[in-house]
Amino acid sequence: MQFLWNRGEHMDWLQRINESINYMETHLMEELSIEQISNYVFASKSNFQRVFHMVTGVTIGEYIRNRRLSLAGQDLLLTDNKVADIAQKYRYDTSESFSKAFLRFHSISPSDVKTSGAVLRFFHPLSINISIRGGFNRAYQQIDEFCWNNLDEQIIKTLTDAEKYQELVHWAITARGKNPGVFDALTEWLLDDIEWCEDKLNENEQILMQGVFARFSEQNKQLRRYLSELRPAGVVNEAVFKALDQFNDQLSGQVPDERLQKVVAQVLDDFSLMKQRGIREQIAGSITGPTGTDHADIYGFINYLKECDAEVQWALFMPDKVKRQQNGFKVVNYEYKEMPGMRFIGWEDDDLTDSELQGERFRVLDAMNGDPSGFDYDILLSHHEGLSIDVEPVHLFWGRFMRADTPVPKGFLSFDFLPYHDGRAGIPYISQFAYAEFSGDYDAMHKTEGYDISAMYDVTRNIMLSQGITIPYPDKYWTAEVFKNGYDKGSTAYMFSAELIDT
């Protein structure tokens, strides 16, 4: 890569970064820490992280992860090594964590590398060539990093309607792998005070208003035209039109947060307000990572646009993904339920295999058969106390839904569920959910490798994403395995929290 270095910076840093890259390449299969690498080049940890990111465009952690996952992909493709062995080789604690990281990077699970024919991504080792001169505003480069839809009209004319739609699906998959990181880079740029001095304001207005907001608006218009032409062929997932409508609304400032609506309207009317860091913080929000699940102290305008962009892409590629995921099993019933107020009564137990304890406690719940909720199966409920998964670990509870206000037996705990969002994070949760029933190979529907959680979890969630259903993450997020024939007979159904508006 070529790096444009501003005058006044120390050339010594460039040599150190080159040395650090060589060091990391030599020790990729070993434990690597930022402190260890910065010590090697005789730099302070904080300064080294900042300068490395500024020079290379990636963090140290991202560089190590990208290189390891690139090499792991080659190992899987070219050798007969087991996934578990390759995960250990590239410093992943478990096969599950490796599989999740691999899927996010390559858009394919490790187990499918040799059978799918997919093209693996490869992140090449960096090297730095030095040129001392002024450079463009870094946000210009960020705009071009978005995966903009630019289908070749001449090629498209030669395809069938189904093939044209698949071109859009393939674009959506690629965009989902790239765009989240670019949105996060925009957030970083918006929060960098150096980039928002008076003499850069006009340039920044062009970048944000025309390069980002107007360009997404134009892309949405083009996508709607493509999809409307394909609609009569019956190949289009209708949910994508709702997603495009929502994206356009929010690009114009109509976000769900009324307070933020006012801020966006003020900025659209008078861009000079962006000189104020407090305003930029509300426009930028917090970085939420490649999957959008990281904790956000401030949920800003860019966060909403990132989510809208994702919903368009999910509506395009998720239906096909759901079909592929049902390997050895199938969904036999899928519906959305809006229940009245309920009370979950159960217990938290670290040992989920203690059948004797489970039997005793479910017999207590059986004796309370006068207080059914209308959804009366044994369930294993999980939630994160209304916080994001990177802040609060999952908590698991055996139990059953009962009628609201049911007395709680001694030694049990309870969570209340309301039929509406009360405006607060955490308990009480919402008694609205997607409900999926499965049949087929039991092990297949409970498979974890290549899935975020398990096959049942992923398929249920992905159907929701394909249909534009709101998952109230993180504030009211919960899920549950459903044991239709009793806790000791295995789960063959799944519940996934939803906020069912206009459904």
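This is a short talk on some helix contacts, a bent helix and a few backbone details in one structure.

Hi everyone, thanks for coming. Before we start, please keep in mind that this is a predicted model.

Let's begin with helix α1, residues 12-26, and its partners. Take helix α3 to start, which covers residues 45-56. The axes of α1 and α3 lie 11 Å apart, and the angle between the two helices is about 90°. The pair is therefore roughly perpendicular. Who touches whom here? On the α1 side we have W13, L14, I17, S20, I21 and M24, and on the α3 side N47, F48, V51, F52, V55 and T56. Sorted by class, the contact of α1 with α3 holds nine nonpolar residues, three polar ones and no charged ones.

Now stay on α1 and look towards helix α4, residues 60-78. These two axes come within 11 Å, and they cross at roughly 40°. That angle falls outside the ranges for parallel, antiparallel and perpendicular, so α1 and α4 count as oblique to each other. The crossing of α1 and α4 is right-handed. In α1, the residues involved are I21, M24 and E25, and they meet I60, Y63, I64 and R67 in α4. This contact of α1 with α4 has five nonpolar residues, two charged and no polar ones. Do notice I21 and M24: you met them in the contact with α3, and here they are again facing α4.

Helix α4 has another partner, helix α6, residues 95-106. The axes of α4 and α6 come within 10 Å and cross at roughly 95°. That makes α4 and α6 roughly perpendicular. From α4, the contact uses N66, L69, S70, A72, G73 and L76; from α6, it uses F98, A101, F102, F105 and H106. Seven of the residues in the contact of α4 with α6 are nonpolar and four are polar, with no charged ones.

Next, helix α10, residues 161-190. How does its end-to-end span fit with its 30 residues? At 1.5 Å a residue we should expect 44 Å, and the end C-alpha atoms are 41 Å apart, so the two agree. Still, α10 is not free of a bend: there is one of about 35° at R176. A proline, P180, follows R176 within four residues.

Let's move on to the strands. K337 sits in strand β3, residues 329-338. Which residue is 98 residues from K337 in sequence and 7.1 Å away in space? That is Y435, with the distance taken from C-alpha to C-alpha. Setting aside neighbours within four places in sequence, K337 contacts F375, S431, Q432, F433, Y435 and L500.

Finally, some backbone details. As a reminder, most peptide bonds are trans, and most residues other than glycine have a negative phi. Two bonds here are worth a look. The bond joining I427 and P428 is cis, with omega about 0°. P428 is in the loop between β7 (413-418) and β8 (429-430). The bond from Y473 to P474 is cis too, with omega near -5°. P474 belongs to the loop between α18 (455-466) and β10 (478-483).

And where do we find a positive phi in a residue other than glycine? At E385, where phi is near 60°. E385 lies in the loop between β5 (378-383) and β6 (395-403).

That's my tour. Thanks for listening, and I'm happy to take questions!

Note on methods: Residues are numbered from 1 along each chain as its sequence is written. This is a predicted model: local features need pLDDT of at least 70, side-chain atom pairs count only at pLDDT 80 or more; totals for chains, interfaces and linings use all residues. Side-chain values use heavy atoms; hydrogens and water are left out. Axes are lines fitted to C-alpha atoms, for helices over the stretch in contact, and angles run from 0 to 180 degrees between N-to-C directions. Angles under 35 degrees count as roughly parallel, over 145 as roughly antiparallel, 65 to 115 as roughly perpendicular and the rest as oblique. A crossing is left-handed if the near helix is turned anticlockwise from the far one by less than a right angle, and right-handed if clockwise. Contact means heavy atoms within 4.5 Å. Ala, Val, Leu, Ile, Met, Phe, Trp, Tyr, Cys and Pro count as nonpolar, Asp, Glu, Lys and Arg as charged, and the others, Gly among them, as polar. The expected span of a helix is 1.5 Å times one less than its number of residues. The bend at a residue is the angle between axes fitted to the seven residues ending there and the seven starting there.
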